[in-house]
Amino acid sequence: MRGTYVPPAPVREPRVVSADGSLVHVEVFGPEDAPAVVLAHGWTCSIAFWAAQIRALAPDHRVIAYDQRGHGRSPAPPGPLGYSPKALADDLEAVLEATLAPGEPAVLAGHSMGGMTFMAAAARPAFREHAAAVLLCSTGPARLVGEATVLPLPKSPLRRRLTGAVLGARAPLGPVTPLGKKVLKYGVMGPGASPEQVDACARIVHACPTPVRHGWSRVLDLFDEEAGLRAIEAPTAVVVGSADKLTPPVHARLMDEALPHSLGLTTLPGLGHMTPIEGPAAVTAAIRDLVTTYVANADAARADTVGAKAVRADAVRADVGAPAEEPPAETPPAPTTPSRTAKTATKPPGAKPPATKRPAKPAEESA
C-alpha cells in the first residue's frame with residue numbers, strides 16, 4: 001500500500017485465538033480510554049481497507065480492526081471446514097472478548113463480508129453484549145450471486161451461473177496491471193473512482209491468496225442469514241453505493257425494512273461496492289455519528305446515573321444518622337393527601353437517528 005492508504009501504526013496487536021484454534025490478527029489504534037469502534041472488512045480485503053477510517057477516528061476513538069481468517073495477516077483455515085458463516089462469527093466473538101471489557105459498548109462497522117459476519121453472529125452473547133450500534137456497509141443477507149449485476153446480462157439462471165463462475169474462479173489474479181485495474185474498477189467500483197482509489201483496492205484484493213478467495217466465494221454463494229439480520233437488536237444504519245454491482249441497493253432496501261431497529265438507508269450516489277475507500281468521509285461520518293449517539297452519550301448517561309445514585313445514597317445515610325425533629329405538641333398532625341405520580345413520556349433508545357441518516361423509501365433511494 002502507498003501514502004494515505006497505509007493505516008497508521010497500531011498501539012498494540014493483541015493475540016486472539018478463535019474457537020477452532022485459528023489465530024486472528026488484530027490491531028488496536030487510538031487511546032485506550034476512548035469510545036470503541038470495531039471494523040470488519042469484506043471478502044478479499046484486509047485491515048488496510050479501513051485506512052481512511054482508522055486515520056480519521058484514531059485520534060479520539062479506540063479503533064479495533066482485524067483481518068478475517070485467510071486475509072491480511074490472519075492465517076488461512078487448514079481445511080474446508082474453516083470456511084463457514086459459523087467461523088466468521090467465531091472469529092468476531094473472539095475479537096470482541098479479547099479487546100473489550102465486560103459490558104463495554106462499541107460501534108461495529110462491517111463492509112460486505114464483514115456485515116455478513118455481524119448477521120452470522122447476531123445471536124451470540126458477545127455480539128449482544130458489546131454491539132451498541134451497527135453499520136452495515138455495502139452488504140447483503142442472502143441471494144448474493146443471484147442479485148449481483150457484475151455481468152451486464154438480464155437477471156436469469158444463466159447470469160447466476162456465470163457470475164458464480166467468475167467470482168469463484170480459481171485462477172490467480174497475478175500482479176496489479178493497468179488491465180487488471182480496469183477490470184476491478186468495472187466490477188466493484190463506481191465510475192467516478194479515482195486512479196489512486198482503484199490502485200489501492202487492486203493492491204488489497206490482489207494480495208488475497210487464490211485458495212482463500214475461492215474458499216470464501218463458495219461460502220458467499222450459499223450465504224443466507226436473513227434470520228441473522230432480523231436478530232440484530234442494536235440500532236443499525238445501512239449504507240450502499242448507488243452503482244454497487246456486487247451487493248446492489250436491492251439488498252440495502254431489504255435490510256432497511258427487515259432490521260428490528262433500522263436507523264435508515266443512506267445511498268451514496270455514483271459509488272460502487274468499495275464505499276469505505278470510494279466515499280471515506282461519508283462512511284467515517286456515519287461511524288462517528290453512531291459513536292456519539294450510542295456510545296459516548298450512553299457512557300455520559302451511565303455516569304450521571306451512577307453519580308445521582310451515589311448522591312442519593314449519601315443523603316439517605318445522612319438522614320439516618322440525623323436526630324428526628326419532634327413537632328410542637330400544640331400543632332395537630334397535618335392531614336395526608338394521596339400523592340399523584342406523573343406519567344412521563346420517554347423516547348425509546350435510539351429514537352433520534354444520527355444527523356447523517358436520512359430514512360428513505362426505495363423509490364427515493366434510486367433517484
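When I say that two pieces touch in this talk, I mean contact in the sense of heavy atoms within 4.5 Å. Keep that in mind, since helix α2 lies across β1, β2, β3 (36-40), β4 and β5 (106-111). One caveat before going on: what we're looking at is a predicted model.

Okay, the overall picture. The protein chain has 14 helices and eight strands. Of its 367 residues, 51% are buried. And if you take the contacts with a separation of 6 or more, 80% of them come from residues 24 or more positions apart.

Now the sheet. What order do the strands take? Reading across, you get β1-β2-β4-β3-β5-β6-β7-β8, in an open sheet of eight strands with mixed pairing. At the edges sit β1 and β8, each pairing on one side only. On average, neighbouring strands here are turned by 20° against each other, ignoring direction.

Let's start from the β1 end. Strand β1, residues 15-17, pairs with β2 in the antiparallel sense, over three bridges. If you want a landmark there, Val16 stands opposite Val24 in β2. The hairpin of these two strands has five residues between them, and in it Gly21 takes a positive phi near 90°.

Strand β2 itself covers residues 23-29, and six of its seven residues are buried, so call it mostly covered, taking buried as under 20% relative accessible area. Its other partner is strand β4, residues 62-66: again antiparallel, this time with four bridges. There, Val28 has Ile64 in β4 as its bridge partner.

Jump over to the β8 end. Strand β6, residues 131-137, and β7 pair in the parallel sense over four bridges, and Val134 has Thr236 in β7 as its bridge partner. Then β7, residues 236-241, runs parallel to β8, with five bridges joining them. In that pair, Val238 stands opposite Leu265 in β8. What handedness does the β-α-β unit here have? It's right-handed, and it is made of β7, helix α11 (residues 249-258) and β8. Strand β8, residues 262-268, is an edge strand, yet it is mostly covered: six of its seven residues are buried.

On to the helices on the sheet. Back to α2, which runs at about 150° to β4 as it crosses those five strands. Helix α3 packs on the sheet too, touching β3, β4, β5 and β6, and its direction makes about 125° with that of β5.

Those two helices also pack on each other. In general, two packed helices are described by the angle between their axes and the distance between the axes. For α2 (residues 85-99) and α3 (residues 113-121), the angle is about 90° and the axes are 8 Å apart. So α2 is roughly perpendicular to α3. On the α2 side you have Pro85, Leu88, Ala89 and Leu92, and they meet Met113, Thr117, Phe118, Ala120 and Ala121 in α3. Sorted by class, that contact has eight nonpolar residues, one polar and no charged ones.

Set beside that the pair α7 and α8. Helix α7 (residues 178-188) and helix α8 (residues 195-206) have axes that come within 10 Å and cross at roughly 100°, so α7 is roughly perpendicular to α8. Which residues meet? From α7 it's Lys181, Leu184 and Lys185, and from α8 it's Val198, Asp199, Cys201, Ala202 and Val205. This contact divides into five nonpolar, no polar and three charged residues.

Last thing, a bit of backbone. Most residues other than glycine have a negative phi. Thr44 has a positive one, near 65°. You'll find Thr44 in the loop between β3 and α1 (51-57). Buried or exposed? Thr44 is buried, with a relative accessible area of 5%.

Ser138 is another residue other than glycine with a positive phi, near 55°. Its place is in the loop between β6 and α5 (144-147), and Ser138 is buried as well, at a relative accessible area of 0%.

That's my tour. If you're scrolling through the model while I take questions, try Gly21 in the hairpin of β1 and β2, then Thr44 in its loop between β3 and α1.

Key
Residues numbered from 1 in each chain as written. Predicted model: local features only at pLDDT ≥ 70, side-chain atom pairs only at ≥ 80, totals over all residues. Heavy atoms only, no water. Axes fitted to C-alpha atoms, helices over the stretch in contact; angles between N-to-C directions. Parallel < 35°, antiparallel > 145°, perpendicular 65-115°, else oblique. Nonpolar A, V, L, I, M, F, W, Y, C, P; charged D, E, K, R; others polar. Buried < 20%, exposed > 50% of the residue type's maximum accessible area, 1.4 Å probe, protein only. Pairing = 2+ DSSP bridges. Right-handed = clockwise from strand over helix to strand, strands pointing away.
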